Amino acid sequence: MAPDYSAFAQRADAVLAEIRTACVQNGRDPVEVELLAVTKTHGPWAPEFAARFGLAGVGENRVQEAVEKMPRVEAKLRWELIGHLQSNKARLAATHFDRVQSVDSIKLLSRLNQAAAAASKTLTVLLQINAGDDPAKFGAALADAPGLLEHALNQPALKVDGLMTIAPLSDDAAVAQRTFANLRELRDRLAADFDVVLPTLSMGMSGDMAHAIAAGSTQVRVGTALFGQREKRG
Ligand SMILES: *Cc1c(COP(=O)(O)O)cnc(C)c1O
């Protein structure tokens, strides 16, 4: 999509309408579901458009790309890392992002905690869970989630906001529905067992946000429906 604000605003209005409809159908208040604009592969215009529209946060999936983009964006935004994080990039991620959603290993938790402590900040994180049991996806296995949360709660420089998942690509709606229900049930179980609040459920993208909202999503991560097809990566 060429950077044209009015075309973007129309798409964003349509996405907000889809979110509202899904909320109404499920007896939820639309203010419970945040729209995170996924700006990966797009230039600094994309975060600028998101901010101008009134969105508070953007999602990026590569540390290096985001770190280069951030200084070229004037708008005040919350930057969230949603893509796979290699532990050798943990320090860069911990210092530049406001929240890291893709935390799926004990090693990564430890690295992020060290880096956040060294930067004298508290880093908020989500635990990424492979709730659809998809071999093509990153994320901790459902069975490993309690151990991961236990370790996360012991990291003084980290704050765990909740869980994130990506549904397997499928033409069968039941696959996404089951994945999102799994994440919701896991969150409810962990919150009870560990006596903590895990308010954030980051689930749902352009193609499956209605299912995610039905299952309790509090944040949908939307790229294509806002910005059009992504440019090819170099
Ligand atoms: C790219 C991406 C999205 C957005 O996907 P769209 O289908 O373009 O809305 C959401 N979440 C993650 C983790 C992504 O990498």
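Which residues is Asp 161 in contact with, leaving aside its neighbours within four places in sequence? I looked this up in a predicted model. The list I obtained is Arg 99, Thr 124, Val 125, Leu 126, Leu 198, Pro 199 and Thr 200.

I then placed Asp 161 in the secondary structure and found it in strand β6, residues 158-164. Its relative accessibility is 10%, so I entered Asp 161 as buried, the cut-off being under 20%. For its side chain I noted a polar contact of 2.7 Å with the side chain of Lys 159.

Next I turned to the nonpolar cores. The largest has 70 residues, and those touching the most other members are Ile 19, Phe 97, Val 100, Leu 112, Leu 127, Ile 129 and Leu 226. Helix α1 (residues 5-25) gives the most to this core, namely eight residues. I recorded another core, apart from the largest, of six residues, including Leu 36, Ile 82, Leu 126 and Met 164.

I followed Leu 112 further. Not counting residues up to four places away in sequence, Leu 112 touches Leu 85, Ala 90, Ala 94, Val 100, Val 103, Leu 123 and Leu 158.

Last, I examined the ligand. Among the residues surrounding it I listed Val 38, Asn 61, Ile 82, Ile 166, Met 205 and Arg 230. A polar side-chain atom of Lys 40 lies 2.7 Å from a ligand oxygen atom, and one of Arg 221 lies 2.9 Å from a ligand nitrogen atom. Gly 223 places a backbone N or O atom 2.8 Å from an oxygen atom of the ligand. Taken alone, the ligand exposes 390 Å², of which the protein buries 90%.

Conventions:
Residues are numbered from 1 along each chain as its sequence is written. This is a predicted model: local features need pLDDT of at least 70, side-chain atom pairs count only at pLDDT 80 or more; totals for chains, interfaces and linings use all residues. Side-chain values use heavy atoms; hydrogens and water are left out. Helices (H or I, at least four residues) and strands (E, at least two) are DSSP runs, numbered from the N terminus. Buried means under 20% relative accessible area, exposed over 50%, partly exposed in between (1.4 Å probe, protein chains only). A polar contact is a pair of N or O atoms within 3.5 Å; within protein, one must be able to donate a hydrogen and the other to accept it, and residues adjacent in sequence count only if both atoms are side-chain atoms. Contact means heavy atoms within 4.5 Å. A nonpolar core is a set of buried Ala, Val, Leu, Ile, Met, Phe, Trp, Tyr and Cys residues joined through side-chain atoms within 4.5 Å. A residue is near a molecule or strand if one of its heavy atoms lies within 4 Å of it. Accessible areas come from the Shrake-Rupley method with a 1.4 Å probe; for residues, only the protein chains shown count as cover.
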